[in-house]
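Subject: Structure for you to look at

Dear colleague,

I am handing over the structure below, and after it I set out what was found in it. Please keep it open beside this message as you read.

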Amino acid sequence: MVETDPKDVLQRYLDAAREAVLWKLEGLSNFDIRRPRTPTGTNLLGLVKHLAGCELDYFGTVFGRAADIVLPWSDDDGPNVDMWATAGESRDYITGLYRAACAHADGTIAALPLDAPGRVPWWAEGRQEVTLQQILVHMIAETHRHAGHADIVRELIDGMAGLRRGNENLPHQDERWWKQYRQQLEQAAKEAPEGP
């Protein structure tokens with residue numbers, strides 16, 4: 001069946017990205033979902049926390065549809081405050097907040113036409129006036145970008161990788177094959193000439 005409603009197509013892509021992000025938390029300890037795995041501190045629960053704020057801002061504030069959801073970190077103007085979970089912010093709290101933010105966003109998406117106007121006050125002058133369609137595309141890109149981050153972080157933690165549950169989008173090979181594959185890539189990198 002071919003989807004013909006553009007809003008339905010956009011919603012499906014956004015939902016797929018949302019599910020992928022949450023899937024990356026499954027089966028991990030509280031330590032593993034919080035621990036930084038990159039020099040800039042990227043961590044799984046922090047990505048979910050960040051996306052909760054994005055959903056509320058882009059589908060709430062931008063369209064004058066504020067949610068009855070309080071983001072406790074919104075009064076803290078420190079850098080990256082939304083990119084990690086404090087010891088007191090549980091997995092259930094952050095994932096529940098994300099699901100509530102997504103539900104609020106879905107309400108906005110359902111209520112407004114794709115050409116509904118909005119305003120993003122934190123964007124540069126001249127780019128602030130937007131439509132629901134633009135914000136849907138923006139949030140699909142934002143969420144898939146962070147799902148990619150989550151995929152890499154999860155692989156660094158326990159080796160699990162893939163696009164989403166049921167569609168990993170990776171060759172089904174054993175560890176020996178992957179080891180040889182990595183060695184092949186390493187050798188190609190060594191043999192490649194320097195320069196453009």
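Helices H3 and H4 are roughly parallel to each other, because the angle at which they pack is about 25° and angles under 35 degrees count as roughly parallel. Please bear in mind throughout that this is a predicted model. The axes of H3 and H4 lie 8 Å apart, and H3 passes H4 in a left-handed crossing. On the H3 side the contact is made by Leu45, Val48, Lys49, Leu51, Ala52, Glu55, Leu56 and Phe59, and these meet a set of H4 residues that includes Arg91, Ile94, Leu97, Tyr98, Ala101, Cys102 and Ile109. Sorted by class, the contact of H3 with H4 consists of 13 nonpolar, 3 polar and 3 charged residues.

Helix H3, which spans residues 44-59, also packs against H5, here at an angle of about 175° and with the two axes 10 Å apart. That angle makes H3 roughly antiparallel to H5, since the term applies to angles over 145 degrees. The contact of H3 with H5 contains 13 nonpolar, 5 polar and 3 charged residues.

H5, residues 132-158, has a further packing partner in helix H1, residues 6-23, with an angle of about 25° between them and their axes 8 Å apart. H1 and H5 are therefore roughly parallel to each other, and H1 passes H5 in a left-handed crossing. H1 contributes Leu10, Tyr13, Leu14, Ala17, Arg18, Ala20, Val21 and Trp23 to this contact, while the residues from H5 include Leu136, Val137, Met139, Ile140, His144 and Arg154. By class, the contact of H1 with H5 divides into 12 nonpolar, 4 polar and 2 charged residues.

To place these helices in the whole, the chain has 6 helices and 2 strands, which follow one another from the N terminus in the order α-α-α-α-β-β-α-α. Of its 196 residues, 39% count as buried, and the C-alpha atoms fill a box of roughly 55 × 45 × 40 Å along the principal axes. Among contacts with a separation of 6 or more, 72% are between residues that stand 24 or more positions apart.

The next topic is charge pairing. Side chains of opposite charge can pair when their charged atoms come close. The structure holds 9 salt bridges, and I describe some of them here. Aspartate 15 and arginine 18 meet in one of these, at 2.9 Å from N to O, and both residues lie in helix H1, 3 residues apart, which is about one turn of the helix. How buried or exposed are these two partners? Arginine 18 is buried, because its relative accessible area is 5% and the limit for that term is under 20%, whereas aspartate 15, at 25%, counts as partly exposed.

Arginine 18 also forms a salt bridge with aspartate 106, where the closest N and O atoms are 2.8 Å apart. This pair links distant parts of the chain, since aspartate 106 belongs to helix H4 (residues 91-111) and arginine 18 to helix H1, with their positions 88 residues apart. Aspartate 106 has a relative accessibility of 26% and so counts as partly exposed.

Another salt bridge joins glutamate 175 to arginine 182, with the closest N and O atoms 3.0 Å apart. Glutamate 175 is exposed, at a relative accessible area of 53%, and arginine 182, at 44%, counts as partly exposed. Through salt bridges that share partners, Asp15, Arg18, Glu55 and Asp106 are joined into one network; of these residues, Glu55 has already appeared above in the contact of H3 with H4, and Arg18 in that of H1 with H5.

Finally, a word on proline 117, which is placed in strand S1, residues 117-119. Proline 117 counts as exposed, with a relative accessibility of 68%. Leaving aside residues up to four places away in sequence, proline 117 touches Phe63 and Val130. Between proline 117 and arginine 34 there are 37 Å in space, C-alpha to C-alpha, and 83 residues in sequence.

With best wishes

Note on methods. Residues are numbered from 1 along each chain as its sequence is written. This is a predicted model: local features need pLDDT of at least 70, side-chain atom pairs count only at pLDDT 80 or more; totals for chains, interfaces and linings use all residues. Side-chain values use heavy atoms; hydrogens and water are left out. Axes are lines fitted to C-alpha atoms, for helices over the stretch in contact, and angles run from 0 to 180 degrees between N-to-C directions. Helices (H or I, at least four residues) and strands (E, at least two) are DSSP runs, numbered from the N terminus. Angles under 35 degrees count as roughly parallel, over 145 as roughly antiparallel, 65 to 115 as roughly perpendicular and the rest as oblique. A crossing is left-handed if the near helix is turned anticlockwise from the far one by less than a right angle, and right-handed if clockwise. Contact means heavy atoms within 4.5 Å. Ala, Val, Leu, Ile, Met, Phe, Trp, Tyr, Cys and Pro count as nonpolar, Asp, Glu, Lys and Arg as charged, and the others, Gly among them, as polar. A salt bridge is a side-chain nitrogen of Lys or Arg within 4 Å of a carboxyl oxygen of Asp or Glu. Buried means under 20% relative accessible area, exposed over 50%, partly exposed in between (1.4 Å probe, protein chains only).
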